[in-house]
Amino acid sequence: MAILEILHYPDPRLRKKSEPIPAVTEEVSQFAQDMLETMYSFHGIGLAAPQVDRRIRMLVADCRPKDEAGSRYHLEDATDLEKNVQQPLVLINPEIVKKEGETTYDEGCLSIPSYYETVKRFEYIEVEAFNEKGEKILVKTDGLLAICIQHEIDHLDGKLFIDRLSTIKANRLKAKIKKFGYPDEQDDESEE
Ligand code: ZN
């Protein structure tokens, strides 16, 4: 197991489209475990391979509510559909085959740490994919997990949540990032 380095916006590597994975090999499942470990170590709920500098179509997610201090998502928030999905989830070559409704959520991203903005997504999705054992699976979900999967699939196409904001909101957020940077980088800067 290994904690991988996460690329941060505006790294151009986050903008590349990822390639399908031809076969679920031992190396691929090992990499999925490294991605999960990395995601947990940064308290994330989802992570896509391009965020750790691999242009392959794989994402991991674990949106199970954690009743701990500071958690934005609580046990009573999980929907019945979400509870039926076995998590953590590894999705290889995921394809959304059905999408319905509309919802919004205050999204964040491990590649844009400490910034949040409201994003519109489909409320319900069905996703076909392979799991880490190479088995074909169909995930039917709504709730936070549906939002998270859509966010991570965007990464596989080189898209970030800031691309889904209005130009005004996106520009405001980009200006803030430019001015204040990210939390771990601020330590090196003065208080100004
Ligand atoms: Zn993200």
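Modeller: Helices and strands here are DSSP runs, a helix having at least four residues and a strand at least two. The model is predicted.

Colleague: How many helices and strands does the protein chain have, and what pattern do they follow along the sequence?

Modeller: The protein chain has 5 helices and 7 strands. Read along the sequence, they give the pattern α-β-β-α-β-β-β-β-β-α-α-α.

Colleague: How compact is the protein chain?

Modeller: Its C-alpha trace spans about 50 × 35 × 35 Å along the principal axes. The globule rule gives 16 Å for 192 residues. The radius of gyration is close to that, so the protein chain is as compact as a globular protein of that length, at 16 Å.

Colleague: What share of the contacts with a separation of 6 or more joins residues 24 or more positions apart?

Modeller: Take burial alongside it: of the 192 residues, 46% count as buried. Among contacts in the protein chain with a separation of 6 or more, the share from residues 24 or more positions apart is 69%.

Colleague: Which residues coordinate the zinc ion?

Modeller: The donor residues are spaced C-x41-H-x3-H in sequence. Their atoms are one SG and two NE2, at 2.1 to 2.2 Å. The residues are Cys109, His151 and His155.

Colleague: Which parts does the pair Cys109 and His151 tie together?

Modeller: Both residues are buried. Cys109 lies in the loop between strand E4 (103-107) and strand E5 (117-121). His151 belongs to helix H3 (residues 143-156). The pair therefore ties together parts 42 residues apart in sequence: the E4-E5 loop and helix H3.

Colleague: Is Cys109 buried or exposed?

Modeller: Buried means under 20% relative accessible area. The value for Cys109 is 10%. Cys109 is therefore buried.

Colleague: How many disulfides does a search of the whole structure find?

Modeller: A disulfide needs two cysteine sulfur atoms within 2.5 Å. For Cys148, the nearest cysteine sulfur is that of Cys63, 3.7 Å away. Cys148 is in no disulfide. For the whole structure, the search finds 0.

Colleague: What is the relative accessible area of Cys148?

Modeller: Cys148 is buried. Buried means under 20%. The value for Cys148 is 4%.

Colleague: Where does Gly134 lie, and is Gly134 buried or exposed?

Modeller: Gly134 sits in the loop between strand E6 (124-130) and strand E7 (136-141). Its relative accessible area is 33%. Buried is under 20% and exposed over 50%. Gly134 is therefore in between: partly exposed.

Key. Residues numbered from 1 in each chain as written. Predicted model: local features only at pLDDT ≥ 70, side-chain atom pairs only at ≥ 80, totals over all residues. Heavy atoms only, no water. Donors = N, O, S within 2.8 Å, 3.2 Å for Na, K, Ca; no water. Buried < 20%, exposed > 50% of the residue type's maximum accessible area, 1.4 Å probe, protein only. Rg over C-alpha atoms; globule rule 2.2 N^0.38 Å. Contact = heavy atoms within 4.5 Å.
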